[in-house]
Amino acid sequence: MKLLVLNGPNLNLLGVREPGLYGTVDYQGLLDLIQKKCDERGVEVRFYQSNHEGDLVDAIQQARFDCDGIVINPGAYTHTSVAILDALKAVALPAAEVHITDVTKREPFRQISYAGMACQGHFIGQGLQGYLNAVDFLIETVENSEQKQ
């Protein structure tokens, strides 16, 4: 099994960007946590981060060829990108949306998640642990799907 962990704008600035909201662990620290979890679960993982919407769409489209699921934190594109929603729907891979903060309790414009409309799992406001919970969710989702076939 192989997962894509996809991160959008400004997530590369973890540890620097608003540490009171996002914590002090940097982006590489996040990737290390996820890699460790995937190693423990026997899952291959590919990471991708971009501050550019089209790059994220391209990564989602590419995932249909070599991944079984997508963990996605689209960052600010969560609330604006129909293109990311359409890409997730088009590839039809199981997807789990992650947000480090609880976006449902933040500014009103953060209440809408376009990307989340195409995701089967939602891990909101769980800090970095949300990524690990999303990995577990996708592993179970893919394994359950394979058992039904």
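User: I'm starting with the salt bridges. Which residue does K2 form a salt bridge with, and how far apart are the closest N and O atoms?

Analyst: Keep in mind that this is a predicted model. The general idea is to look for a side-chain nitrogen of Lys or Arg within 4 Å of a carboxyl oxygen of Asp or Glu. Here K2 pairs with E44, and their closest N and O atoms are 3.7 Å apart. K2 sits in strand 1 (residues 2-7) and E44 in strand 2 (residues 44-49), so this pair ties together parts that are 42 residues apart in sequence.

User: Are K2 and E44 buried or exposed?

Analyst: For that, you read the relative accessible area: under 20% is buried, over 50% is exposed, and anything in between is partly exposed. K2 comes out at 16%, so K2 counts as buried. E44 has 47%, so E44 is partly exposed.

User: How many salt bridges does the structure hold?

Analyst: There are 7 salt bridges. Another one joins D136 and K37, with the closest N and O atoms 3.0 Å apart. D136 belongs to helix 5 (residues 129-148) and K37 to helix 2 (residues 27-41), so that pair ties together parts that are 99 residues apart in sequence. Both D136 and K37 are buried. Salt bridges can also share partners, and in this model such sharing joins K2, E44, R46 and D66 into one network. For a pair of sequence neighbours, try R17 and E18, whose closest N and O atoms are 3.9 Å apart. R17 is partly exposed at 22%, and E18 is partly exposed at 41%.

User: K37 brings me to helix 2. What span would I expect for helix 2, and what does it reach?

Analyst: You count 1.5 Å a residue and compare. Helix 2 has 15 residues and reaches 21 Å from first C-alpha to last, close to the expected 21 Å. Next, ask which side of the helix faces inward. In helix 2, the buried residues are Y27, G29, L30, L31, I34, K37 and C38, and the buried residues of this helix pack against strand 1, strand 2 and helix 5. Just after helix 2, G42 takes a positive phi of about 70°.

User: Which residues of the largest nonpolar core touch the most other members?

Analyst: To read a core, follow buried nonpolar residues from one side chain to the next. The largest core has 24 residues, and L14, L30, I34, V71, I100, Y131 and V135 touch the most other members. Strand 1, helix 2, strand 4 and helix 5 each give two or more residues to this core. Helix 5 supplies the largest share, 6 residues. Take L14: leaving aside neighbours within four places in sequence, L14 contacts Y22, V25, D26, Y27, L30, I100 and L128. Apart from this core lies another, with 21 residues, including A63, I70, I72 and A87.

User: Y22 has come up now. What does the UniProt annotation "active site" cover?

Analyst: An annotation is a label from a record, so check it with care, as it may be inferred rather than shown by experiment. The unreviewed UniProt entry puts "active site" on Y22 and H99. These two span 78 residues in sequence, yet their C-alpha atoms are no more than 9.7 Å apart, so they gather at one spot. Both Y22 and H99 belong to the lining of the largest cavity. Y22 is in helix 1 (residues 19-22) and, at 10% relative accessibility, counts as buried. Beyond four places in sequence, Y22 is in contact with L14, R17, I100, T101 and R106.

User: And which residues does UniProt list for "binding site"?

Analyst: The unreviewed entry lists N73, H79, D86, I100, T101 and R110. The farthest two C-alpha atoms here are 24.2 Å apart, so these residues do not all gather at one spot. From this list, the lining of the largest cavity includes N73, H79, I100, T101 and R110. D86 is in helix 4 (residues 82-91) and is partly exposed at 40%. R110 is in the loop between strand 4 (95-99) and strand 5 (121-124), and R110 is buried at 15%. Leaving aside neighbours within four places in sequence, R110 contacts H79 and V103.

Technical notes
Residues numbered from 1 in each chain as written. Predicted model: local features only at pLDDT ≥ 70, side-chain atom pairs only at ≥ 80, totals over all residues. Heavy atoms only, no water. 1 Å grid on protein atoms, 1.4 Å probe; cavity = no way out; pocket = protein on both sides within 12 Å on 5 of 7 lines; lining within 4 Å. Helix = DSSP H or I, 4+ residues; strand = E, 2+ residues; numbered from the N terminus. Buried < 20%, exposed > 50% of the residue type's maximum accessible area, 1.4 Å probe, protein only. Contact = heavy atoms within 4.5 Å. Core = buried A, V, L, I, M, F, W, Y, C linked by side-chain atoms within 4.5 Å. Expected span 1.5 Å × (residues − 1).
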